[in-house]
Amino acid sequence: GSMPENIITYRKLTRADFQATSVPDRLSKHKKKLNAHTAVTIRPAVGARYIITHGMIGDQQIFHGRVDNLVFEAVMIPEQSWWNPALNKKRRTYVLQHEQIHFALMELEAKKLNQRVKEDPHITYAYGNSANEVRRELGELIGQLLEESQRLTLKSHTEFDEDTSMRHNPTAQQEWHDRIMAELKRLSGGEMVGSDSSL
């Protein structure tokens, strides 16, 4: 699907980033228990482009293509992210940190994906009988990579929620925070935005 105009690439979240007036339909039955919901996803960053060339094999014309400058990034979608207006102010810091970790888990997955693409550029190569066919194939390859990532992160999001969301557990949450931030830093080779351990 197409992205809303207003999106946030990975950074520290604030209360103002949650702009949805209601919780997404699929979550509405949990509304009373939900503190917030962050809509995060992974997408190819601006700048990726298809490079398609063609040549002859015998008397047959073959098209091949690759995705150049393919970099994935995690994005947060404010207009689909919801904050429970009934939330006690005292819990704001905990809940913001909680949502930050969900965002960080997504960014981490995007970085892992980028590493995969760098180590094995062939996962974004395709062949076909026409430029359009190759373009479609490349689109599908990217789609598959993204789907796989969403599947993998779903597992970590769920584990994280089981540890911290079902009950107020600042210690467990801080451990997750520190571990994910350290891993992000390692994959970024340096300082990481959005990390903050002063709670």
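This passage describes how two helices and a small group of strands are arranged in a predicted model.

In the model, helix α1, which spans residues 92–119, packs against helix α2, which spans residues 131–164, at an angle of about 150°, and the axes of these helices lie 10 Å apart. Because angles over 145 degrees count as roughly antiparallel, α1 and α2 are described as roughly antiparallel to each other. The crossing of these helices, α1 and α2, is right-handed. On the α1 side, the residues that take part in the contact include Tyr94, His98, Ile101 and Leu105, while among those contributed by α2 are Leu145, Leu152, Phe160 and Asp161. Taken by type, the residues of the contact of α1 with α2 comprise ten nonpolar, eight polar and four charged.

The strands considered here form an open sheet of three, arranged in the order β1-β6-β3 with antiparallel pairing. Strands β1 (8–9) and β3 (40–44) stand at the edges, and since each has a single partner strand, one side of each is left without a neighbour in the sheet. Strand β6, formed by residues 72–76, is joined to β1 by two bridges, and these strands run antiparallel; within this pairing, Ile8 has Met76 of β6 as its bridge partner.

Both helices are also placed against the sheet. Helix α1 packs on the sheet and touches β1, β3 and β6, with its direction making about 165° with that of β6. Helix α2, in turn, lies across β3 and β6, and runs at about 155° to β3.

How values were computed:
Residues numbered from 1 in each chain as written. Predicted model: local features only at pLDDT ≥ 70, side-chain atom pairs only at ≥ 80, totals over all residues. Heavy atoms only, no water. Axes fitted to C-alpha atoms, helices over the stretch in contact; angles between N-to-C directions. Helix = DSSP H or I, 4+ residues; strand = E, 2+ residues; numbered from the N terminus. Parallel < 35°, antiparallel > 145°, perpendicular 65-115°, else oblique. Left-handed = near helix turned anticlockwise from the far one by under 90°. Contact = heavy atoms within 4.5 Å. Nonpolar A, V, L, I, M, F, W, Y, C, P; charged D, E, K, R; others polar. Pairing = 2+ DSSP bridges.
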